[in-house]
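Please look through the sequence and the model that follow; the paragraphs after them move from the overall make-up of the chain to the way its elements pack.

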Amino acid sequence: MKIVKILALSALLSAGLAADETLVSNMSQMEHGLSGIQKGFLYNAPELIKAGVSDIQKANALFHNADVTKKYLPKEKRHMTNIAFNASKRIDSASSSLLKALDKREYVKAHQSYSEIVNECTACHAVVRGW
């Protein structure tokens with residue numbers, strides 16, 4: 001019986017670690033995307049901006065489902081799932097707007113969209129980290 005309990009506990013811990021690894025990986029990909037966008041603006045390199053947006057969109061896809069988003073929040077913050085979920089939707093909207101503005105060579109608008117992405121990241125982190 002002890003072995004069954006140990007195996008069950010190991011499975012739960014492994015699942016938790018896998019979720020943590022997924023979140024860390026996605027946050028790293030989002031940070032990489034933000035960095036790429038910023039470098040693209042600094043060096044007038046639209047391709048870097050587009051690659052950064054792509055990284056953000058791929059990583060942000062993890063949070064397209066409110067139930068999935070909820071499982072990545074700390075237990076004491078899960079009642080705030082909608083804040084994180086809505087931030088994810090606004091990141092999608094701002095990243096799409098950024099690409100449209102970039103294609104029209106409206107760089108100020110594109111940069112405003114980049115700022116909106118950063119603001120939404122901060123809004124979610126405020127919930128998760130209790131800022």
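Read from the N terminus, the elements of the protein chain follow the order α-α-α-α-α, and the count is accordingly given as 5 helices and 0 strands. The model is a predicted one, and every value discussed here is computed from it. Of the 131 residues in the protein chain, 31% count as buried, while the accessible surface amounts to about 8400 Å², with 59% of that area belonging to carbon and sulfur atoms. When contacts between residues at least 6 apart in sequence are considered, 56% of them join residues at least 24 apart.

Helix packing can be taken up next, with a general remark to begin: two packed helices are described by the angle between their axes together with the distance between those axes. For helix α2, residues 46-60, and helix α4, residues 81-103, the angle is about 160° and the axes lie 10 Å apart. Since an angle over 145 degrees counts as roughly antiparallel, α2 and α4 are therefore roughly antiparallel to each other, and their crossing is left-handed. On the α2 side the contact is made by Pro46, Ile49, Lys50, Val53, Ile56, Gln57 and Asn60, and on the α4 side the contributing residues include Ser88, Ile91, Asp92, Leu98 and Asp103. Sorted by character, the residues of this contact of α2 with α4 divide into 8 nonpolar, 5 polar and 3 charged.

Helix α4 also packs against helix α5, residues 107-129, at an angle of about 165° and with the axes 8 Å apart. That angle makes α4 roughly antiparallel to α5, and the crossing of α4 and α5 is again described as left-handed. Among the residues of α4 that make this contact are Ile83, Ala84, Ala87, Arg90 and Ala94, and among those of α5 are Tyr107, Lys109, Ser113, Ile117, Cys121, Cys124 and Val127. The residues of the contact of α4 with α5 divide into 16 nonpolar, 3 polar and 4 charged. Ile91, Ser95, Leu98 and Leu102 of α4 are listed in the contact with α2 and are likewise listed in the contact with α5.

One residue of α4 can be followed individually. Asn86 has its place in helix α4, and how far is Asn86 exposed, in terms of relative accessible area? Its relative accessible area is 26%, so Asn86 is partly exposed. The C-alpha atom of Asn86 is separated by 9.1 Å from that of His64, a residue 22 positions away along the chain.

How values were computed:
Residues are numbered from 1 along each chain as its sequence is written. This is a predicted model: local features need pLDDT of at least 70, side-chain atom pairs count only at pLDDT 80 or more; totals for chains, interfaces and linings use all residues. Side-chain values use heavy atoms; hydrogens and water are left out. Axes are lines fitted to C-alpha atoms, for helices over the stretch in contact, and angles run from 0 to 180 degrees between N-to-C directions. Helices (H or I, at least four residues) and strands (E, at least two) are DSSP runs, numbered from the N terminus. Angles under 35 degrees count as roughly parallel, over 145 as roughly antiparallel, 65 to 115 as roughly perpendicular and the rest as oblique. A crossing is left-handed if the near helix is turned anticlockwise from the far one by less than a right angle, and right-handed if clockwise. Contact means heavy atoms within 4.5 Å. Ala, Val, Leu, Ile, Met, Phe, Trp, Tyr, Cys and Pro count as nonpolar, Asp, Glu, Lys and Arg as charged, and the others, Gly among them, as polar. Buried means under 20% relative accessible area, exposed over 50%, partly exposed in between (1.4 Å probe, protein chains only). Accessible areas come from the Shrake-Rupley method with a 1.4 Å probe; for residues, only the protein chains shown count as cover.
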